[in-house]
Amino acid sequence: MSVVISLDLRDVSKSFGDRNVFSGINVSIDSGCLAVTGPNGSGKSTLLRIIAGLLAPTSGEVVLAEGGKRVSTEQRRDLVGLVAPDLALYDEMSAVENLRFFARVRGLRKSEDELRDLLAKLGLAGREGDRLASYSSGMCQRVKYAFALIHNPAVLLLDEPSANLDEAGVAAMDLVIAEHRQRGIVVLATNHPAEVHYGDRVLQLGA
């Protein structure tokens, strides 16, 4: 039986200096997909980074629990995967080399076949050994998905999930979201109506 994961945002607020980005966000989710939407500047990306533990809220708290036991901010990185536009990859390395490097940073032991299978699932079969400098922006986005999934996270955070993806890339994204929402939590940030529809629940920012 799988361990139940729950995510609770409790009165979360964030300000940068005198600018209040959002305040009083309360939402709980233990399965499926939460779509975070709102106009540009409403704090969608900021909220995902707070959930990931990369930013601290100005007030309130994010509680991630595994099997009813609260997970520390330090432990959260092992349970969360993030796909974001500003995620940095190494252009001088191939896709499989990037994944091998990030796996080692996480202390994971992944075989070459496992890494290549993950890239193939995202439509990069046959291009795993090519340097990212030769990749299109859409192909790089697929590598970011592989990076986020390499440690089988319980919570998958997607910031602008279909950015730069072509039709085949969107189909691969659909598969990832469909599979992950069945076994964990997906939180996606978007202002595209077609992506909002992935959400079992919708959190509107800047309303």
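What follows is a chat between a trainee and a mentor about a predicted model.

Mentor: Some ground rules: in this predicted model local features need pLDDT of at least 70 and side-chain atom pairs count only at pLDDT 80 or more, while totals for chains, interfaces and linings use all residues. Residues are numbered from 1 along each chain as its sequence is written, and side-chain values use heavy atoms, with hydrogens and water left out.

Trainee: Which element supplies the largest share of the largest nonpolar core?
Mentor: A nonpolar core here is a set of buried Ala, Val, Leu, Ile, Met, Phe, Trp, Tyr and Cys residues joined through side-chain atoms within 4.5 Å; buried means under 20% relative accessible area, exposed over 50%, partly exposed in between (1.4 Å probe, protein chains only). The largest one has 35 residues, with L99, L119 and L188 among those with the most contacts inside it. Elements that each supply at least two residues include α3 (95-105), α5 (137-149) and β8 (185-189); helices (H or I, at least four residues) and strands (E, at least two) are DSSP runs, numbered from the N terminus. The largest share, eight residues, comes from α5.

Trainee: How many residues are in the other core?
Mentor: Look for I5, L9, L64 and A84, which are among its members. That core lies apart from the largest one, and its residue count is 31.

Trainee: Why is the pair of Y90 and F101 called edge-to-face?
Mentor: Rings of Phe, Tyr and Trp (its six-membered ring) pair if their centres lie within 6.5 Å; planes under 30 degrees apart count as stacked, over 60 as edge-to-face and the rest as tilted. Y90 and F101 have ring centres 5.5 Å apart, and the label follows because their planes stand at 85°.

Trainee: Is F101 buried or exposed, or in between?
Mentor: Its ring partner Y90 has a relative accessible area of 34%, so Y90 is partly exposed. F101 comes out at 35%, so F101 is also in the class partly exposed.

Trainee: Which strands stand at the edges of the four-stranded sheet?
Mentor: Two strands pair if DSSP finds at least two bridges between them. This open sheet has the order β2-β1-β4-β5, with antiparallel pairing. Each edge strand has a single partner, so one side of each is left without a neighbour in the sheet: these are β2 (19-29) and β5 (69-71).

Trainee: Which residue of β4 stands opposite L7?
Mentor: Strand β1 (residues 5-16) runs antiparallel to β4 (residues 59-66), and seven bridges join them. Across from L7, in β4, you'll find L64.
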